[in-house]
Amino acid sequence: MSAGGGATARLFLAVDPPEQVRLELAGWARAVASQGRARARGRPELRALGAEVLHVTLCFLGSRPVGEIDDLARVPAATAGEVGELSVGAPLWLPPRRPRNLTVEIHDHDGELERLQQELVGELRRAIDWEPERRRFRAHLTVARVRGREPVSATSGATFELPPTPALRFRPESLTLYRSWLQPSGASYEA
């Protein structure tokens, strides 16, 4: 519920990689998570995410009034952008200061994904009263989360050897407005 008493929804806009890309990255994350469990103490314990929830977030909207959902659902159609080929890069712990997520970089060789993200920001600002995050857009895909409340420390993250990510190239299949449902077992997403 919002401070004004109205119902709210946790929302974000994302592009969806093809199913085969999501399956391969989810398999890589499961292998990394099992490696962490099999190794010495002091390593972060990871919960690999399922292929069905993998996406590249372009705009996180946070908690918004439910009444805005219809207007927000029209925003993807208002953007003219089609994104060219993207590729999977190196593993990356995020956020940088107190990492709790294992992600993989997404390389946007032609800058089309970043252009689409900026176009979406403009459309969202016109559609609703919303201010984007101040940090610079960094294309990535979260594949695992640290279990428990403690972030990955500089020493555990640095000594936790990660296998190379799969060499994957893809074109996003869709641009989707998602609602995030937070649960003790992890978030689930509804288009």
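So, in what order do the elements of the protein run from the N terminus on? Reading along the chain, we get β-α-β-β-α-β-β-α-β-α-β-β-β. That pattern holds four helices and nine strands. One thing before I go on: this is a predicted model, so please hear everything I say today as computed from that prediction.

Okay, the overall picture. The protein has 191 residues, and 45% of them are buried. Its accessible surface comes to about 10700 Å², and carbon and sulfur atoms own 47% of that. Then there's the contact pattern. Take the contacts with a separation of 6 or more: 80% of them join residues that sit 24 or more positions apart.

Now, the sheet. How many strands does the open sheet have, and what is their order? There are five, arranged β2-β6-β5-β4-β7, and the pairing is antiparallel. At the edges you'll find β2, residues 46-48, and β7, residues 169-170, each of them pairing on one side only.

Let's walk in from the β2 edge. β2 pairs with β6, which covers residues 140-146, in the antiparallel sense, and three bridges connect the two. If you want a landmark on your screen, find Leu46: its bridge partner in β6 is Val146. Keep going and you reach β5, residues 101-107, which also runs antiparallel to β6, this time over five bridges. A landmark for that pairing is Asn101, whose bridge partner in β6 is Arg145.

So is β6 mostly covered or mostly open? Mostly covered: five of its seven residues are buried. As a general reminder for anyone looking at strands, side chains in a regular strand alternate between the two faces of the sheet.

Let's move to the charged side chains. How many salt bridges does a search of the whole structure find? Nine. I'll show you three.

Start in helix α3, residues 112-127. Glu123 and Arg126 both lie in that helix, three residues apart, which is about one turn. Their side chains meet in a salt bridge, at 3.1 Å from N to O. Where does Arg126 stand on accessibility? Arg126 counts as exposed because its relative accessibility is 61%, above the 50% cut-off.

Next up is Arg125, which forms a salt bridge with Glu131, the closest N and O atoms being 2.8 Å apart. Glu131 is exposed, at 57% relative accessibility. Arg125 has a relative accessible area of 44%, so we call it partly exposed.

The third pair is Glu133 and Arg135. Their closest N and O atoms are 2.7 Å apart, in another salt bridge. Which partner is exposed, and which partly exposed? Arg135 is the exposed one, at 59% relative accessibility, while Glu133 comes in at 42% and counts as partly exposed.

To recap: we have the five-strand open sheet with β2 and β7 at its edges, a mostly covered β6 that pairs with β2, and nine salt bridges, found by searching the whole structure. That's me done, thanks!

Methods: Residues are numbered from 1 along each chain as its sequence is written. This is a predicted model: local features need pLDDT of at least 70, side-chain atom pairs count only at pLDDT 80 or more; totals for chains, interfaces and linings use all residues. Side-chain values use heavy atoms; hydrogens and water are left out. Buried means under 20% relative accessible area, exposed over 50%, partly exposed in between (1.4 Å probe, protein chains only). Contact means heavy atoms within 4.5 Å. Accessible areas come from the Shrake-Rupley method with a 1.4 Å probe; for residues, only the protein chains shown count as cover. A salt bridge is a side-chain nitrogen of Lys or Arg within 4 Å of a carboxyl oxygen of Asp or Glu. Two strands pair if DSSP finds at least two bridges between them.
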